[in-house]
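Could you walk me through this protein's structure in plain words? I'd like to know how the sheets, helices and charged pairs fit together.

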Amino acid sequence: MTEPVLSVTGLTRSFVQGGVTIEVLRGVDLSVGPGEIVALLGASGSGKSTLLQAVGLLEGGFGGSIRIAGEEAAKLGGDGRTRVRRDALGFVYQFHHLLPDFSASENVVLPQMIRGGTRAEADARAGSLLTALGLGHRLTHKPSQLSGGEQQRVAVARALANRPALVLADEPTGNLDEATADVVLAEFLRLVRGEGSAALVATHNERMALKMDRVVRLHEGRLA
């Protein structure tokens with residue numbers, strides 16, 4: 001039996017505000033199989049972003065187990081977590097967070113160079129991904145010269161640049177108008193499936209969630 005790319009067991013997270021403990025995650029169990037695209041559906045404030053931050057190894061303070069590509073996060077130090085984020089994970093956010101002084105291609109090349117790839121290989125990979133997303137004619141354009149939908153396509157290409165086992169996407173089309181969001185989501189799903197990566201996509205949009213392989217619902221810190 002193939003091991004899940006992501007396995008979360010008994011995940012908890014709480015904060016103290018004004019002397020009051022607020023439980024954001026209350027024992028979440030979740031698994032994502034290889035190549036599976038799972039929608040994490042929930043209203044604003046339901047804990048979706050907190051769950052993705054935990055799975056992305058971006059914050060500490062969580063209870064429970066997070067296992068990514070066969071490695072238990074609790075057993076990893078800072079360097080180990082950085083390695084897992086670099087080698088096994090890709091990230092797409094609601095806001096693209098592209099480097100403004102770099103071209104579309106350079107934004108996709110950079111994570112590959114950080115991982116140790118050659119410039120020639122990184123350029124070829126960036127060109128291939130961006131062309132697959134309809135941006136082959138925009139490789140040298142900087143983010144300020146691209147539309148919102150084009151910028152988010154670059155962010156998708158960047159997330160897939162290092163062939164991650166798991167892509168984490170937090171409201172990836174939430175900053176786009178409905179028509180553009182539909183196009184970008186369709187291209188995202190097509191490319192992720194084509195690359196063979198798994199994905200966990202947080203959204204509050206049920207119509208979009210139903211386009212994915214499986215939907216899990218987060219309500220008051222628990223998966224329904």
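Strand S7 is a good place to start, because five of its five residues are buried, with under 20% relative accessible area as the cut-off. Keep in mind as you look around that this is a predicted model. How are the two faces of S7 covered? On one side, Leu166, Leu168 and Asp170 are all buried, and on the other side Val167 and Ala169 are buried too. That split into two sides fits a general pattern: in a regular strand the side chains alternate between the two faces of the sheet.

Now look at what sits beside S7. Strand S6 pairs with S7 in the parallel sense, over four bridges, and in this pairing Leu89 stands opposite Leu166 of S7. S7 is also joined to S8, again running parallel, by five bridges. Here you can find Ala169 standing opposite Val201 in S8.

Zoom out and these strands turn out to belong to an open sheet of six, in the order S6-S7-S8-S3-S9-S10, with mixed pairing. Which strands are at the edges? They are S6 (89–92) and S10 (222–223), and each of them pairs on one side only. Further along the order, S3 (residues 37–41) and S9 (residues 214–219) make a parallel pair with four bridges. Within that pair, Val38 has Arg214 of S9 as its bridge partner.

Helices lie against this sheet. Helix H2 (residues 78–88) packs on the sheet and touches S6 and S7, and its direction makes about 75° with that of S6. Helix H1 (residues 48–55) lies across S3, S6, S7 (166–170), S8 (198–203) and S9, and runs at about 150° to S7.

H1 also leads us to another sheet, as it lies across S1, S2 and S4 (63–68), running at about 120° to S1. This second sheet is open and has four strands in the order S2-S1-S4-S5, with antiparallel pairing. S2 (20–32) and S5 (71–72) stand at its edges with a single partner strand each, so one side of each has no neighbour in the sheet. Strand S1 (residues 6–17) runs antiparallel to S2, and ten bridges join the two. One spot to look for is Leu6, which stands opposite Val32 in S2.

Next, the charged side chains. The model has 15 salt bridges, counting a side-chain nitrogen of Lys or Arg within 4 Å of a carboxyl oxygen of Asp or Glu. You have already met Arg214 as the bridge partner of Val38. Arg214 also forms a salt bridge with Glu36, and the closest N and O atoms are 2.8 Å apart. This pair links distant parts of the chain: Arg214 is in strand S9, Glu36 is in the loop between S2 and S3, and they are 178 residues apart. Are the two residues buried or exposed? Arg214 counts as partly exposed because its relative accessibility is 29%, while Glu36 is buried because its relative accessible area is 19%.

Another salt bridge joins the side chains of Arg115 and Asp87, at 3.1 Å from N to O. Arg115 lies in helix H3 and Asp87 in helix H2, so the pair ties together parts that are 28 residues apart in sequence. Arg115 is partly exposed, with a relative accessible area of 40%, and Asp87 counts as partly exposed at 24%.

A third example is Glu195 with Arg125, where the closest N and O atoms are 2.6 Å apart. Since Glu195 lies in helix H6 (residues 178–195) and Arg125 in helix H4 (residues 119–132), this salt bridge ties together parts that are 70 residues apart in sequence. Glu195 is partly exposed at 30% relative accessibility, but Arg125 is buried, with a relative accessible area of 9%. Salt bridges can also link up into a network, as they do for Glu178, Asp182, Arg207 and Lys211.

Finally, take a look at the surface. Leu99, Phe102, Leu110, Met113 and Ile114 form a nonpolar patch there, with about 410 Å² of accessible area together. One of these residues, Ile114, is found in helix H3 (residues 104–115). Ile114 counts as exposed because its relative accessibility is 60%, and the cut-off for that label is over 50%.

Technical notes:
Residues are numbered from 1 along each chain as its sequence is written. This is a predicted model: local features need pLDDT of at least 70, side-chain atom pairs count only at pLDDT 80 or more; totals for chains, interfaces and linings use all residues. Side-chain values use heavy atoms; hydrogens and water are left out. Patches are made of residues with over 30% relative accessible area and no salt bridge: like charges are joined within 9 Å, nonpolar side chains (Val, Leu, Ile, Met, Phe, Trp, Tyr) within 5 Å. Accessible areas come from the Shrake-Rupley method with a 1.4 Å probe; for residues, only the protein chains shown count as cover. Buried means under 20% relative accessible area, exposed over 50%, partly exposed in between (1.4 Å probe, protein chains only). Two strands pair if DSSP finds at least two bridges between them. Contact means heavy atoms within 4.5 Å. Axes are lines fitted to C-alpha atoms, for helices over the stretch in contact, and angles run from 0 to 180 degrees between N-to-C directions.
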